[in-house]
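Me: I have a structure open and I would like to learn how its labels are earned. Can we go through them one at a time?
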Amino acid sequence: RAGVGHRAREDHARAAHARELGNMASTDQFTSIVPTCNRPAELERCLRAIGALDGNGFCVLVVDNRPGGTATRDVALRYGAEYLAAPRKGANRARNLAARASRTAFLAYLDDDAVPDSAWLSELAREFDDASVMVVTGRVLPLSLDTEAARLAVRIGASVFDQPDRVVLDRSAPDWFERAAF
């Protein structure tokens, strides 16, 4: 899962006002949140890719959904990420805990098994130049086609990838809610 959400209405209003003054959203206004659950190898691969992202100044926050050992914390700190232990299990609880702990206007979520493209964050940030944008998501592709499940996902999703790069969902479309709820 990869996506970006705006933190709160007040931050949205502040960001919209900044855009009116000519200040566009930039990566230094983002916290990249990575929930993880006892998968230090996957986390390391993800954090290595985050370290190669275009842009700079963004925060990285790793949320350990199974604290107890030191492996996850060690990987997070080795890559310069902040570390947060989640006392209650569940990826969504970890995401919500991280959102409350974040100090930036924009939140970018990545699962620990994701490997973002180098332009992932800067391209998502660019979408927030439009003051009406509150949420952005990107395509999630398999890292390899080694399994039947990955090949099937690509075949099923092929029609999705044939769409324009930017799809806008607003209340003017009759099925906006269904499409926005994914």
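Me: What makes the link between the side chains of Asn92 and Arg95 a polar contact?

Reply: In this predicted model, the side chains of Asn92 and Arg95 are joined at 2.8 Å. The cut-off for a polar contact between N or O atoms is within 3.5 Å, and 2.8 Å meets it. Asn92 itself sits in helix α4, residues 91-101.

Me: Why is Asn92 called partly exposed?

Reply: Its relative accessibility is 46%. Buried means under 20% and exposed means over 50%, so 46% falls in between and Asn92 counts as partly exposed. As for its surroundings, Asn92 and Asn65 are 27 residues apart in sequence and 9.9 Å apart in space, C-alpha to C-alpha.

Me: How do you know that Ser32 is buried?

Reply: Ser32 has a relative accessible area of 0%. The limit for buried is under 20%, so Ser32 is buried. Ser32 belongs to strand β2, and leaving aside neighbours within four places in sequence, its contacts include Ile50, Cys59, Ala108 and Trp120.

Me: How many aromatic pairs are there?

Reply: The count comes to three aromatic pairs. One of them is made by Phe30 and Phe106, with ring centres 4.9 Å apart and planes at 20°.

Me: Why is the pair of Phe30 and Phe106 called stacked?

Reply: Two values decide this. Ring centres must lie within 6.5 Å to pair, and these are 4.9 Å apart. Planes under 30 degrees apart count as stacked, and the angle here is 20°, so the pair is stacked.

Me: What makes this pair a tie between separate parts of the chain?

Reply: Phe30 lies in strand β2 (residues 30-36) and Phe106 in strand β5 (residues 106-110), so the pair ties together parts that are 76 residues apart in sequence. Both Phe30 and Phe106 are buried.

Me: Why is the pair of Phe106 and Phe128 called tilted?

Reply: Its centres are 4.6 Å apart and its planes are at 50°. Stacked needs under 30 degrees and edge-to-face needs over 60, so an angle of 50° leaves the pair as tilted. This pair also links distant parts of the chain, with Phe106 in strand β5 and Phe128 in the loop between α5 (120-127) and β6 (135-137), 22 residues apart. Ring pairs link Phe30, Phe106 and Phe128 into a cluster.

Me: How do you know that Phe128 is buried?

Reply: Its relative accessible area is 0%, and buried means under 20%, so Phe128 is buried. Phe106 is buried too, with a relative accessible area of 0%.

Me: How do you know that the length of α2 agrees with what a helix should span?

Reply: The expected span is 1.5 Å times one less than the number of residues. For the 12 residues of α2 that should give 16 Å, and the end C-alpha atoms are 16 Å apart, so the two agree.

Me: Which residues of α2 are buried, and what puts them on the same side?

Reply: They are Leu43, Cys46, Leu47, Ala49 and Ile50. They cover an arc of only 160° around the axis, which puts them on the same side of α2. An α-helix has 3.6 residues a turn, so residues three or four places apart point the same way. The face of α2 turned away from its buried side carries the exposed residues Ala41 and Gly51. What covers the buried residues includes β2, β3, α3 and β5.

Me: What about α3: why are its buried residues said to be on the same side?

Reply: In α3 (residues 71-78), the buried residues are Thr72, Val75 and Ala76. They cover an arc of only 100° around the axis, which puts them on the same side of α3. Their cover includes β2, α2 (40-51), β3 (59-64) and β4 (82-85).

Me: Which residues have the most contacts inside the largest nonpolar core?

Reply: That core has 25 residues, and those with the most contacts inside it are Phe30, Leu47, Ile50, Phe58, Leu110, Trp120 and Leu121. The elements giving two or more residues to this core are β2, α2, β3, α3, β5 and α5. Apart from it lies another core, of nine residues, including Ile33 and Val63.

Terms used. Residues numbered from 1 in each chain as written. Predicted model: local features only at pLDDT ≥ 70, side-chain atom pairs only at ≥ 80, totals over all residues. Heavy atoms only, no water. Phe/Tyr/Trp six-rings, centres within 6.5 Å; stacked < 30°, edge-to-face > 60°. Helix = DSSP H or I, 4+ residues; strand = E, 2+ residues; numbered from the N terminus. Buried < 20%, exposed > 50% of the residue type's maximum accessible area, 1.4 Å probe, protein only. Arc of directions from axis to C-beta. Contact = heavy atoms within 4.5 Å. Core = buried A, V, L, I, M, F, W, Y, C linked by side-chain atoms within 4.5 Å. Polar contact = N/O pair within 3.5 Å; in protein donor to acceptor, adjacent residues only side chain to side chain.
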